[in-house]
Amino acid sequence: MSLRVVVLGAENVGKSAVTVRFLTRRFIGEYNSNMDLIYKSSIKQEDYVTDIEILDSCAKKNTSIAPGDSVITWTDSFIVVYDICVHSSFEQAIKILDIINKARASVYCPALLLGNKTDLEHRRTVGVEEGHQAALEYNCQYYEVSAADDFVTISIAFQALLRETKIIQQNKPLLKRRKSSLVNVSKKLGAMFGKKDSEMDRKRSTCDVAGPKTIFEKA
Ligand SMILES: Nc1nc2c(ncn2[C@@H]2O[C@H](COP(=O)(O)OP(=O)(O)OP(=O)(O)O)[C@@H](O)[C@H]2O)c(=O)[nH]1
C-alpha cells in the first residue's frame with residue numbers, strides 16, 4: 001500500500017518545484033506541464049521503505065484550485081502551498097484548508113501548510129505569524145521553505161507529513177481505503193471559488209478526458 005499525497009495551491013506558488021525538490025533534490029526553474037501529474041516513489045523512514053504517490057495538481061489547468069470530491073477521496077494527506085510574496089495565494093491556501101477541514105470532519109487526513117519562496121524575503125507580504133495562526137486554526141503542520149535554495153527543510157516538512165500519514169493509516173486498518181478517478185470537481189466547491197455552474201460543466205468535461213498522468217517512477 002502506498003501513501004498518497006496531493007499538492008494544492010494557487011498558480012505559480014511552486015507546487016511542482018517543492019515536489020520535484022523533495023523527490024530528486026534538484027530545483028528545476030521552469031515546468032511546462034499543463035496537467036496534473038502523479039509521481040510514484042519510495043522513501044526510507046525508520047528502516048522501513050514506504051511507497052508514496054504524490055499528485056502535483058496544476059492550477060493553470062484546473063477549473064478550481066480547491067480539491068474536488070474525487071481528489072479528497074483518493075488522497076491520504078494534503079500539502080497546501082502558498083507564495084510568501086503573494087498575499088492572495090495565502091488567502092487561497094486558507095480557503096483550501098477550510099474545505100479540507102470540512103471534508104476531513106468524518107475521515108481525518110493530515111495536512112501540511114507550506115509557505116514557499118523564502119529566498120525572496122525582501123518581497124515578503126505574508127508574515128510568519130499569519131502562517132502559524134492558520135496552522136493552529138486548521139490543525140495542520142506548517143513550514144516555510146525555499147524550493148530554489150533549500151532541500152533540507154522541504155525534506156523535513158514532507159517527511160513529517162508522511163510520518164503522520166503513515167501513523168494515521170496504520171491506526172485505521174479496518175477502514176477500507178476509498179479509491180476513484182481523479183478528475184471530478186464538484187459544483188459546490190467551484191461555486192465557493194466563484195465559478196459559474198455552466199463554466200464548471202464545460203471545463204469538467206475537458207478534465208474528464210485527460211486524467212492525471214504518471215510521469216515519475218522510482219522503485
Ligand atoms: N525564487 C523562487 N522561485 C521559485 C521557487 N519555487 C518555484 N519558483 C518559481 O515559481 C514559478 C512557478 O513554479 P511552479 O513550481 O511551476 O509552480 P506551480 O505552483 O506548480 O504552478 P502551476 O502550474 O500554476 O500550478 C517558476 O518560475 C519557478 O521557478 C522558490 O522557492 N523561489
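Here is a walk through this structure, starting at helix 1 and ending at a pair of helices further along the chain. Please keep in mind as you look that this is a predicted model.

Let's begin with helix 1, which spans residues 15–24. Is this helix mostly covered or mostly open? It is mostly covered, with eight of its 10 residues buried. The buried ones are Lys15, Ser16, Ala17, Val18, Thr19, Val20, Arg21 and Phe22. If you look at what surrounds them, you will find that these buried residues pack against strands 1, 2, 3, 4 and 5, and also against helix 5. Just after the helix, arginine 25 takes a positive phi of about 70°.

The meeting of helix 1 with helix 5 deserves a closer look. Helix 5 covers residues 152–170, and the two helices pack at an angle of about 90° with their axes 9 Å apart. Because angles from 65 to 115 degrees count as roughly perpendicular, helix 1 is described as roughly perpendicular to helix 5. From helix 1, Val18, Arg21 and Phe22 take part, and they meet Ile154, Ser155 and Phe158 of helix 5. Sorted by class, this contact has four nonpolar residues, one polar and one charged.

Helix 1 also matters when you turn to the ligand. Which element gives the largest share of the shell around the ligand? Helix 1 does, with three residues. There are 21 residues around the ligand, and Gly14, Lys15, Ser16, Ala17 and Ala148 come nearest. The shell is mixed in character: eight of its residues are nonpolar, seven are polar and six are charged.

Two loop residues have backbone angles worth checking on your screen. Asparagine 12 sits in the loop between strand 1 (3–9) and helix 1, and has a positive phi of about 65° although it is not a glycine. Lysine 117, in the loop between strand 5 (111–116) and helix 4, also has a positive phi, near 80°, and is likewise not a glycine. Are these two residues buried or exposed? Asparagine 12 is partly exposed, because 14 other C-beta atoms lie within 10 Å. Lysine 117 counts as buried, because it has 26 C-beta neighbours inside 10 Å.

Now for the interior. In soluble globular proteins, nonpolar side chains tend to be buried together. Here the largest nonpolar core has 49 residues, and Ile79, Val80, Ile96, Leu97 and Leu114 touch the most other members. Helix 3 supplies the largest share of this core, six residues. To see one of these positions in detail, select leucine 114: leaving aside its neighbours within four places in sequence, it is in contact with Val18, Ile79, Val80, Val81, Tyr143, Val145 and Ala157. Val18 is a residue you have already met, among the buried residues of helix 1.

Finally, follow helix 3 to its partner, helix 4. Helix 3 runs over residues 87–103 and helix 4 over residues 128–138, and their axes come within 10 Å and cross at roughly 10°. Since angles under 35 degrees count as roughly parallel, helix 3 is roughly parallel to helix 4. In this pairing, Phe90, Ile94, Leu97 and Asn101 of helix 3 meet Glu130, Ala134 and Tyr138 of helix 4. By class, the contact has five nonpolar residues, one polar and one charged. Leu97 links this contact back to the interior, as one of the core residues that touch the most other members.

How values were computed. Residues numbered from 1 in each chain as written. Axes fitted to C-alpha atoms, helices over the stretch in contact; angles between N-to-C directions. Helix = DSSP H or I, 4+ residues; strand = E, 2+ residues; numbered from the N terminus. Parallel < 35°, antiparallel > 145°, perpendicular 65-115°, else oblique. Contact = placed C-beta atoms within 7 Å. Nonpolar A, V, L, I, M, F, W, Y, C, P; charged D, E, K, R; others polar. Near = placed C-beta within 6 Å. Buried ≥ 20, exposed ≤ 12 C-beta atoms within 10 Å, placed from the backbone. Core = buried A, V, L, I, M, F, W, Y, C linked by C-beta atoms within 7 Å.
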